[in-house]
Amino acid sequence: MRLVDSGKYRPDCSQVVVLATLLMIFLHPLLAFGQKPEYEFYFEFRTAFSPKVQEENHWSLTNEQVYEKYAAKLKGDRIAESEIARRLRLLRTEHAVLDADFYSRYYLDSSSNFNHAPNNFLMEVVKGMQAGSALDYGMGQGRNSIYLASLGWDVWGFDPADAVLQSL
């Protein structure tokens, strides 16, 4: 399914600027929260605790069940009830912000090892297709956007992690 027929519609420069501005207005609240020290717990939760608990339970737990097990672990670690409540509130209500902060930290970490090549599945899907317009949401450093642009596609992309642009 194509949302824009690239043969009939080509945005001019002012329309691209307007879209980019609207995207930044939409994303600014997310970006403003990045790199906060009070989000540091999320790295361990996301990369170690949650996958381990899910694997032990054959990936059958709901998010709420994972949060309950996390709260029990924190209680066992003698973390204050107020801190447990704060973390659980953030996990339940600020997931997008926590993820944006996580990826900002990831892209700024010089030891991070991420793929710079375009996604093989994407390359297979567009093989032989006529170039059109594409939106790359969560584009990271733009590996797929750059690939599509090299094939003549009009590509628009953004990422909630504000550090992505700083890492280029």
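**A friendly walk through the fold**

Student: Which pattern does the chain follow, read along the sequence?

Tutor: Happy to start there. This is a predicted model, and its chain has 8 helices and 2 strands. Read along the sequence, they follow the pattern α-α-α-α-α-α-β-α-β-α.

Student: Which helices each supply at least two residues of the largest nonpolar core?

Tutor: That core has 19 residues, and those touching the most other members are Phe 41, Tyr 42, Phe 45, Tyr 70, Leu 88, Leu 91 and Leu 98. Apart from this core lies another, of 6 residues, including Val 126 and Trp 153. For the largest core, the helices you are after are α2 (41-56), α3 (63-76), α4 (81-93) and α5 (95-108).

Student: Leaving aside neighbours within four places in sequence, which residues is Phe 41 in contact with?

Tutor: Good one to look up in the structure. Phe 41 is among the core residues that touch the most other members. Beyond its sequence neighbours, its contacts are Tyr 70, Arg 86, Arg 87, Leu 90, Leu 91 and Leu 98.

Student: Is Met 129 buried, partly exposed or exposed?

Tutor: Start with its place, the loop between α6 (120-126) and β1 (133-137). Met 129 forms a nonpolar surface patch with Phe 121 and Val 125, with about 320 Å² of accessible area together. Buried means under 20% relative accessible area and exposed means over 50%. Because its relative accessibility is 40%, Met 129 counts as partly exposed.

Student: And what share of the chain's accessible surface belongs to carbon and sulfur atoms?

Tutor: Of the 168 residues, 32% count as buried. The accessible surface comes to about 11,000 Å², and the share belonging to carbon and sulfur atoms is 58%.

Technical notes. Residues numbered from 1 in each chain as written. Predicted model: local features only at pLDDT ≥ 70, side-chain atom pairs only at ≥ 80, totals over all residues. Heavy atoms only, no water. Core = buried A, V, L, I, M, F, W, Y, C linked by side-chain atoms within 4.5 Å. Buried < 20%, exposed > 50% of the residue type's maximum accessible area, 1.4 Å probe, protein only. Helix = DSSP H or I, 4+ residues; strand = E, 2+ residues; numbered from the N terminus. Contact = heavy atoms within 4.5 Å. Patch = residues over 30% accessible without salt bridge, like charges linked within 9 Å, V, L, I, M, F, W, Y side chains within 5 Å. Areas by Shrake-Rupley, 256 points an atom, 1.4 Å probe, with all protein chains shown as cover. Salt bridge = Lys/Arg side-chain N within 4 Å of Asp/Glu carboxyl O.
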